[in-house]
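Work through the exercises below with the model open. Each task is followed by its solution in steps.

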Amino acid sequence: MTLARSLVRELVCSDPDLVGVAASEKSALCLVDFLSCAFAGAGLPYARQAIRAARPHSFEGGVPVIASGIRVAPGEAAFLQSVLAASASRTDMHAPSTSHPAAVIFPVAFACAALRHVTGREFVAAVVAGYEAMGRLGRVVVDENFKKRFRATSVLGTVGGALTAARL
């Protein structure tokens with residue numbers, strides 16, 4: 001079995017009830033931090049510009065975007081919420097991978113959760129899977145050479161976001 005398949009099987013297919021108390025509590029702390037960043041970022045120039053650009057595409061059945069009053073397609077909602085959080089320039093950081101998981105994981109989780117009923121356990125399990133994916137992959141690929149060429153969140157976030165979405 002490939003490393004990729006092993007990672008997907010473990011993080012996407014495991015029982016949501018197996019997420020431990022420590023991981024659940026940490027995900028709650030990360031959620032509060034993400035929300036504080038998103039609300040703080042909402043009034044800053046990059047976020048205001050992104051929301052202004054998206055406003056004409058808002059529609060009643062869309063996914064709500066934090067602190068904006070607009071509803072857009074799921075992918076756009078995830079993008080906008082990521083911009084809101086990143087605008088604050090203080091999102092959480094996974095030091096070994098030099099990535100900022102919350103700015104990717106929570107926007108994807110919220111967008112997916114808006115599409116169908118998701119329990120709290122399912123939401124937490126998806127968030128934990130996304131964080132784990134970014135952290136594990138980051139420990140493998142991020143070194144000094146990588147840091148000179150790439151921004152870790154943009155590379156690792158694609159995997160973390162995809163596993164979060166797959167989980168939900």
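Helices (H or I, at least four residues) and strands (E, at least two) are DSSP runs, numbered from the N terminus. This is a predicted model, in which local features need pLDDT of at least 70 and side-chain atom pairs count only at pLDDT 80 or more, while totals for chains, interfaces and linings use all residues. Residues are numbered from 1 along each chain as its sequence is written, and side-chain values use heavy atoms, with hydrogens and water left out.

**Exercise 1. Fold outline**

State how many helices and strands the chain has, and their order.

Step 1. The count is eight helices and two strands.
Step 2. Read from the N terminus, the order is α-α-α-β-β-α-α-α-α-α.

**Exercise 2. Overall size**

Test the chain against the radius of gyration of a compact globule.

Step 1. The radius is taken over C-alpha atoms, and the globule rule is 2.2 Å times the number of residues to the power 0.38.
Step 2. For 168 residues the rule gives a value near 15 Å.
Step 3. The chain has 16 Å, which agrees.
Step 4. Along the principal axes, the C-alpha atoms fill a box of roughly 45 × 40 × 25 Å.

**Exercise 3. Helix H5**

Compare the span of H5 with its expected value, then decide how enclosed the helix is.

Step 1. The expected span of a helix is 1.5 Å times one less than its number of residues.
Step 2. H5 covers residues 102-113, 12 in number, and should span 16 Å.
Step 3. Its end C-alpha atoms are 16 Å apart, in agreement.
Step 4. Buried means under 20% relative accessible area, exposed over 50%, partly exposed in between (1.4 Å probe, protein chains only).
Step 5. In H5, 10 of the 12 residues are buried, so the helix is largely enclosed by the rest of the structure.
Step 6. Among the buried ones are Val104, Ile105, Phe106 and Cys112.
Step 7. Their cover includes helices H2, H4, H6 and H8, and strand S1.

**Exercise 4. Two residues of H8**

Are Thr153 and Arg167 buried or exposed, and what do they touch?

Step 1. Contact means heavy atoms within 4.5 Å.
Step 2. Thr153 sits in helix H8. Its relative accessible area is 18%, so Thr153 is buried.
Step 3. Not counting residues up to four places away in sequence, Thr153 touches residues including Val104 and Met134.
Step 4. Arg167 is also in helix H8. At 13% relative accessible area, Arg167 is buried.
Step 5. Leaving aside neighbours within four places in sequence, the contacts of Arg167 include Leu11, Asp15 and Ala125.
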